[in-house]
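Please find below my notes on this entry, set out as numbered points. They go from the overall form to single residues.

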Amino acid sequence: MGKNKKLKKSIESFEKRIKEHEEKIEEYETKDSPLIDYWEKEIKSFKRKKEEQEEKLEKE
């Protein structure tokens, strides 16, 4: 598998995880759940990592 393909797959994976976490937040929004804070932190982390992968892809 080429480097670009791996980067694209990684980016897609982060996008999928971000979407999953956003859906979980919507589902639990009416409840007072400490998991919401956790998911929000995860989303920030995934977005940061996704941006890093996109920057690497642009350099290729």
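1. Phe-14 has a relative accessibility of 15%, below the 20% cut-off, and therefore counts as buried. Please keep in mind throughout that the model is predicted.

2. On secondary structure, the protein holds two helices and zero strands. Helix α1 covers residues 3–28 and helix α2 covers residues 35–59.

3. On overall form, the radius of gyration is 14 Å, whereas a compact globule of 60 residues would have one near 10 Å. Along the principal axes, the C-alpha atoms fill a box of roughly 45 × 15 × 10 Å.

4. On burial and surface, 25% of the 60 residues count as buried. The accessible surface comes to about 5,100 Å², and carbon and sulfur atoms account for 45% of that area.

5. On charge, there are 18 positive and 18 negative side chains in the protein. The centres of these two sets are 7 Å apart.

6. On contacts along the chain, the relevant set is contacts between residues at least 6 apart in sequence. Of these, 68% join residues at least 24 apart.

7. On aromatic pairs, a search of the whole structure returns two. One of them can be described in detail: the ring centres of Phe-14 and Phe-46 lie 6.1 Å apart and the planes meet at 35°, so this pair is tilted. Because Phe-14 sits in helix α1 and Phe-46 in helix α2, the pair ties together parts that are 32 residues apart in sequence. Phe-46, like Phe-14 in point 1, counts as buried, because its relative accessibility is 9%.

8. Which residues does His-21 contact, leaving aside neighbours within four places in sequence? They are Trp-39, Glu-42, Ile-43 and Phe-46. His-21 belongs to helix α1, and its relative accessibility is 2%, so His-21 counts as buried. Phe-46 thus appears both in the contacts of His-21 and in the tilted pair with Phe-14.

9. Is Tyr-38 buried or partly exposed? Tyr-38 is part of helix α2 and has a relative accessibility of 45%; it counts as partly exposed because this value falls between the 20% and 50% cut-offs. From Tyr-38 to Lys-5 the separation is 33 residues in sequence and 30 Å in space, C-alpha to C-alpha.

Note on methods: Residues are numbered from 1 along each chain as its sequence is written. This is a predicted model: local features need pLDDT of at least 70, side-chain atom pairs count only at pLDDT 80 or more; totals for chains, interfaces and linings use all residues. Side-chain values use heavy atoms; hydrogens and water are left out. Helices (H or I, at least four residues) and strands (E, at least two) are DSSP runs, numbered from the N terminus. The radius of gyration is taken over C-alpha atoms; the globule rule is 2.2 Å times the number of residues to the power 0.38. Buried means under 20% relative accessible area, exposed over 50%, partly exposed in between (1.4 Å probe, protein chains only). Contact means heavy atoms within 4.5 Å. Accessible areas come from the Shrake-Rupley method with a 1.4 Å probe; for residues, only the protein chains shown count as cover. Lys and Arg count as positive and Asp and Glu as negative; His and the chain ends are not counted. The place of a charge is taken as NZ of Lys, CZ of Arg, CG of Asp or CD of Glu. Rings of Phe, Tyr and Trp (its six-membered ring) pair if their centres lie within 6.5 Å; planes under 30 degrees apart count as stacked, over 60 as edge-to-face and the rest as tilted.
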